[in-house]
Amino acid sequence: MKFLLILIFLASFSFSLTPEEEKQLLKDIAEIKTTLKAFIREADERFEQVDKRFEDVNRRFEDFNRRLNDLREDMNKRFELVDKRFIELREDMNKRFELVDQRFEQLYTFLWIITGIFTTLTASVIAFAWWDRRTIIRKTKEETFEEMEKELKPEKFRKIMNALREKAKTDKELEAILKKYGLL
């Protein structure tokens, strides 16, 4: 703009003008100056408005960035809370699994104890039954022989044995039994 004014000023010296033309030229220059000033004022106002708009946009972006950062921080905090809850849940689940494992171990131990008791009882009952049967059979045998000795005299016993031997000659089963016990 200054360049234009200097150019106009130099141009005015290089021409030889009449006083009326000079007045007209000065008037035109004054009008141009006024128009330029108005244009510059208007341009400055528009630039100021554009600057204000840019400042508003910058403020909006700053607000948006601030909100975005706040949201990021809030989301990070929430994710940290969720992570903490997952960790707490995992620890709680591990504790529960450990408790369940301990209960299973206790149950297995209890089952082994019950199995041991049952095995001991079964073995004891079988041993007692075997011992009792042997004892009873031996005692019964002894009592039977004693009774036979009391009631049967040796002569009667010989007669019974002779009768059985006679019957064994015709009865093969009786013969096998008497041979088995060495009475034939």
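With which residue does glutamate 166 form a salt bridge, and how far apart are the closest N and O atoms? The legends below take up this pair and other charged residues of the predicted model.

**Figure 1. The salt bridge of glutamate 166 in helix H3 of the predicted model.** Glutamate 166 forms a salt bridge with lysine 169, and the closest N and O atoms of the pair are 3.5 Å apart. Both residues belong to helix H3, which covers residues 154-170, and because they are three residues apart there, about one helical turn separates glutamate 166 from lysine 169. Lysine 169 has a relative accessible area of 58% and is therefore classed as exposed, the cut-off for that class being over 50%.

**Figure 2. Overview of the protein chain.** The chain contains four helices and zero strands, so that, read from the N terminus, its elements follow the order α-α-α-α. Of the 184 residues in the protein chain, 4% are buried. The chain exposes about 18000 Å², of which carbon and sulfur atoms supply 61%, and a search of the whole structure finds eight salt bridges.

**Figure 3. The pair of aspartate 56 and arginine 59 in helix H2.** A salt bridge links aspartate 56 with arginine 59, with 2.9 Å between the closest N and O atoms. The two residues lie three residues apart in helix H2, a spacing of about one turn of the helix. Aspartate 56, at 32% relative accessibility, is partly exposed, and arginine 59, with a relative accessible area of 46%, is also partly exposed.

**Figure 4. A patch of negative charge on the surface.** Asp44, Glu45, Glu48, Asp51 and Glu55 gather on the surface in this patch of negative charge. One of these residues, aspartate 51, is found in helix H2, which spans residues 19-151. Because the relative accessible area of aspartate 51 is 44%, which falls between the cut-offs of 20% and 50%, this residue counts as partly exposed.

**Figure 5. A salt-bridge network that includes residues of helix H4.** Glutamate 175 forms a salt bridge with lysine 179, in which the closest N and O atoms are 3.4 Å apart. Both residues lie in helix H4, made up of residues 172-180, where four residues, or about one turn of the helix, set them apart. Through salt bridges that share partners, Lys172, Glu175 and Lys179 are joined into one network. Within this group, lysine 179 is exposed, with a relative accessible area of 53%.

Definitions and conventions:
Residues numbered from 1 in each chain as written. Predicted model: local features only at pLDDT ≥ 70, side-chain atom pairs only at ≥ 80, totals over all residues. Heavy atoms only, no water. Patch = residues over 30% accessible without salt bridge, like charges linked within 9 Å, V, L, I, M, F, W, Y side chains within 5 Å. Areas by Shrake-Rupley, 256 points an atom, 1.4 Å probe, with all protein chains shown as cover. Salt bridge = Lys/Arg side-chain N within 4 Å of Asp/Glu carboxyl O. Lys, Arg positive; Asp, Glu negative; His and termini not counted. Charge placed at Lys NZ, Arg CZ, Asp CG, Glu CD. Buried < 20%, exposed > 50% of the residue type's maximum accessible area, 1.4 Å probe, protein only.
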